[in-house]
Amino acid sequence: MIGFAWRIGADGAAERVAAEATPSGDAAFLWVHLATNADRAQAWLRDEAKLEPFTIDQLTAAETRPRADKIGQGAFVNLRGRTDEELDSSDMLASIRIWATKGRVITVSRKELVVLTTVAEQVSHGTIRDPGDLIAAFATAITEDLDPVVADLGDGLDDCEQRLSAHRVFELRREVTRVRSEAINYRRFLSPQRAALERLATLPGDWLAEDDRAHLSAAADRAARMAEEVEAIRERAALMHEALTDLRAEQLDQRSLVIAMVAMIFLPLTFLTGLYGMNVKGLPYAEEPWAFDAIAGMCAVIAAGIVIWFLQRHWFRG
């Protein structure tokens, strides 16, 4: 049921232990990660970790958003990061819930974050020495992991702008719509994540060292920059969508104009051929052998005259 647990010493030395273990000797804190469903996590948090019901509810809530709140002598932190597991199209980032206090950190996630392995490797290498280091490592790793993803969205939109043409309207509209949708989804979490990291950096508590607060502030600044970038991408995508709509409307107008001009060319010709196609007596020159050639020539002259009239007024250019 438990994902894994680490006992971390004051010197950074880490060892894998049972989740029920407690810090001992020179151990700085115990990190327990739960990768499970809500019911089983609630049972473990209540029976083994002995947490308060309010804290348990926060760690296992179904609907979450980035936040940071002080709880007793510790803090509850909710962050969002990428995952390789399948998610709903409207919720592109998985959450990791963190309860931290001096001596223990408990993290809970229903979907495994990409950065979880990175942070676990930092623990095993001895670079994390206190709860503040662990939270700062998560915040930094999440923002570093999201940075190239946001940059790729901008690059994709740049590529669409370079390929902008009336002949690629449908193809580009699909791509722009995808970029805009992803930017909106990322923006939903990056803005509150920045606020959560800023608040966390200012929370009182002796388990957060000054260097931890500095790292959290740096992660908050990076999240703010990404939030501004996805907002710019969203606005650019909206403008490009309008440009594509205008191109499509112009394309339809040009085609409608061509159809209208062709109809105008054939309208008098249709009248003549319809008139002489009537099966009645008395049509002028109906019995003459040159009548067909004369009518065909007249139709050609009329059509040429209408086309020349259109060209003189530049109608064929729209």
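A residue is called buried here at under 20% relative accessible area, exposed at over 50% and partly exposed in between, with a 1.4 Å probe and protein chains only. By that yardstick Asn-185 is buried, with a relative accessible area of 7%. Asn-185 sits in helix α5, and its side chain gets to the backbone oxygen of Ser-181 at 3.0 Å. The model is a predicted one, in which local features need pLDDT of at least 70 and side-chain atom pairs count only at pLDDT 80 or more, while totals for chains, interfaces and linings use all residues. Residues are numbered from 1 along each chain as its sequence is written, and side-chain values use heavy atoms, leaving out hydrogens and water.

Helices (H or I, at least four residues) and strands (E, at least two) are DSSP runs numbered from the N terminus. Strand β6 is largely enclosed by the rest of the structure, since eight of its eight residues are buried. In a regular strand, side chains alternate between the two faces of the sheet. Both faces of β6 are covered, with Ala-94, Ile-96, Ile-98 and Ala-100 on one side and Ser-95, Arg-97, Trp-99 and Thr-101 on the other. Strands count as paired when DSSP finds at least two bridges between them. Seven bridges tie β5 (residues 74–81) to β6 in antiparallel fashion, and five do the job between β6 and β7 (residues 104–108), again antiparallel. Ala-100 faces Ala-75 on the β5 side and has Val-105 as its bridge partner in β7. In the hairpin of β6 and β7, with two residues between the strands, Gly-103 takes a positive phi near 105°.

β6 also supplies three residues to the lining of the largest pocket, the largest share. That pocket holds about 250 Å³ of space. A pocket is an open set of points on a 1 Å grid over the protein atoms alone, where a 1.4 Å probe fits, with protein on both sides within 12 Å along at least five of seven lines; lining residues have an atom within 4 Å of a point. The volume is the space filled by probe spheres set on the points, which are joined across faces, edges and corners. Of the 14 lining residues, Ala-62, Arg-80, Asp-91, Ser-95 and Arg-97 lie nearest the centre.

As for aromatics, rings of Phe, Tyr and Trp (its six-membered ring) pair if their centres lie within 6.5 Å, with planes under 30 degrees apart stacked, over 60 edge-to-face and the rest tilted. Phe-4, Trp-31 and Phe-138 form one cluster.

Methods:
Polar contact = N/O pair within 3.5 Å; in protein donor to acceptor, adjacent residues only side chain to side chain.
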